[in-house]
Amino acid sequence: MGRYIVYGGKKLFGTVDIHGSKNAALPILCACIINSGINIIHNCPKITDVFNTCKILQMAGCTIKWENSTVIVDSSKAKFIEIGEDITSKMRSSIIFMGAFCGRFKKAVVSKPGGCKIGKRPLDIHIEALKNMGVVIDESNNCFVCDAKKLKSAEINLRFPSVGATENIMLVAAFADGKTVIKNAAVEPETMALAEFLNQIGVNTVCGDNVITICKKCDFCNAEYSIIPDRIEAGTFMAACACSGGEIFLKNADAHNMGSVIDAFDSMGSKIEFCGNGIYFKAPDSIIPQNIKTGIYPNFPTDMQPQIMAVLTLARGKSVVIESMFENRFNHAIEFNKMGANIEIDGKMAIIKGVKELYPKETMAFDLRGGAGLIMAALSCNGMSIINGSTYIKRGYENIEKSISGLGGIIKYEN
Ligand code: EPZ
């Protein structure tokens, strides 16, 4: 387990390149299994979760070739494999292979996924939906054994617009005769990106107001697709700047799907301008407290909650953050308090009384975004902080230490 060493207290200035979105790249890479052809995926982030997803594709007989940030996936010779716990335990998104395999191979054996421990994260919505589509699923010793020989299209009404469940259904529906309709579907930009990719490979996918319709076309085709910019990475660097002070340019950031995040920073007193190929961000002189509630898109994203909390620990007054998506996503608050923050947790609510400054400390990341929040907090305070648990952070951020150093921050990674 590596760690980051941060010498905070320096303002950030300059340009940071925003990479492709982790949460768009992962389902799109899974979907490469569908077309039994060549998939050229540009702007793919080089992060652990992507490398692990590519490992599963290779184990299943796909060839993977990297050219800078382009990954070429040839799935023409893909074959069925069982996907074991050794790799599914590393990331939640491995469950999306269940839909892709049930579609292409009419069967799947996928061990239950791991991923960030931010809540119970059950899979009932995935399982119920696939069963509605005729997939017979046996849940035995921490594994799902699926038989999709009798796959059929269906009209599915999700009890909750789960991102992963929506994506799983989209992948298996690509092989179901007729039209599958997902009601109360997730509409996150990353899920919409998957729909765009599916249309490219020949799956007729139409997204309406919380409804996604999927129809299999006669045959699939090759694809060339560019991953959308990562809105969470862009928001993370806004938080870094808000914590440290200064002004930065987020190159390639797309403001269109960052409305709630931009509104939050704007009302905190940041100055934000949109230019052709990115977003200009100036830190607030003093941070105005906020009341933030996470929710499904387009509400404030739960994946930005730890990072915005880091900023609010330094606000000039009391803020309230309500985490409505996951039941255990406040582990970072304990670590912030070790650094001198004043945060009280009451169930889904965090009450944050702003303090003048935080103090450098050795802290522990318990999950990906919590780890990013700790880096933000460390950047705000003079002196050396250590953030243990870099494995989590490397799952979702490509070379975060290089990006922050490029803005004048002092951070290094120690294996
Ligand atoms: C995706 O996770 C993202 N991961 C998460 O990002 C993100 O936080 C989440 O969507 C919400 O936006 C990827 O896209 C790889 P959900 P997912 O299914 O699909 C409950 C990050 O940091 N639920 O929409 O797992 C679940 O427990 C990660 O990049 C069920 O109850 O999220 C949660 O409370 C963290 N039953 C809520 O729904 C189910 O069958 C949202 O989960 C499925 C989900």
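Start by selecting Arg92 and the ligand in this predicted model. An N or O atom in the Arg92 side chain sits 2.9 Å from an oxygen atom of the ligand. Now add Arg121: its side chain also offers an N or O atom to a ligand oxygen, this time at 3.2 Å. Then bring up Ser162, where the distance from a side-chain N or O atom to an oxygen of the ligand is 2.7 Å.

With those three on screen, switch on the ligand surface. On its own the ligand would expose 820 Å², and the protein buries 91% of that. Hide the ligand for a moment and look at the space it takes up: that is the largest pocket.

Next, colour by secondary structure. Which elements give two or more residues to the shell around the ligand? Pick out helix 1 (22-31), helix 5 (124-132), helix 6 (163-173) and helix 12 (368-380). Helix 5 hands over the largest share, 3 residues.

Show the whole shell now, 23 residues around the ligand, and zoom in on Asp124, Ile125, Ser162, Asp303 and Met325, which come nearest. Ser162 should look familiar, as its side chain is the one with the 2.7 Å distance to a ligand oxygen. Recolour the shell by residue type and you get 9 nonpolar, 6 polar and 8 charged residues.

Try colouring by domain as well. Domain 1 (3-19 + 229-414) and domain 2 (22-226) each put at least three residues into the shell.

Two backbone stops to finish. Go to Tyr297 and Pro298: the peptide bond joining them is cis, with omega at about 10 degrees. Pro298 lies in the loop between strand 17 (291-293) and helix 10 (305-312).

Then jump to Asn43, in the loop that runs between strand 3 (38-42) and helix 2 (48-59). Check the phi angle there: Asn43 is not a glycine, yet its phi is positive, at about 60 degrees.

How values were computed:
Residues are numbered from 1 along each chain as its sequence is written. This is a predicted model: local features need pLDDT of at least 70, side-chain atom pairs count only at pLDDT 80 or more; totals for chains, interfaces and linings use all residues. Side-chain values use heavy atoms; hydrogens and water are left out. A residue is near a molecule or strand if one of its heavy atoms lies within 4 Å of it. A polar contact is a pair of N or O atoms within 3.5 Å; within protein, one must be able to donate a hydrogen and the other to accept it, and residues adjacent in sequence count only if both atoms are side-chain atoms. Accessible areas come from the Shrake-Rupley method with a 1.4 Å probe; for residues, only the protein chains shown count as cover. On a 1 Å grid over the protein atoms alone, a cavity is a set of points where a 1.4 Å probe fits but cannot get out, and a pocket is an open set with protein on both sides within 12 Å along at least five of seven lines; lining residues have an atom within 4 Å of a point. A molecule sits in a cavity or pocket if more than half of its atoms lie within 2 Å of its grid points. Helices (H or I, at least four residues) and strands (E, at least two) are DSSP runs, numbered from the N terminus. Ala, Val, Leu, Ile, Met, Phe, Trp, Tyr, Cys and Pro count as nonpolar, Asp, Glu, Lys and Arg as charged, and the others, Gly among them, as polar. Domain bounds come from an automatic or database domain assignment.
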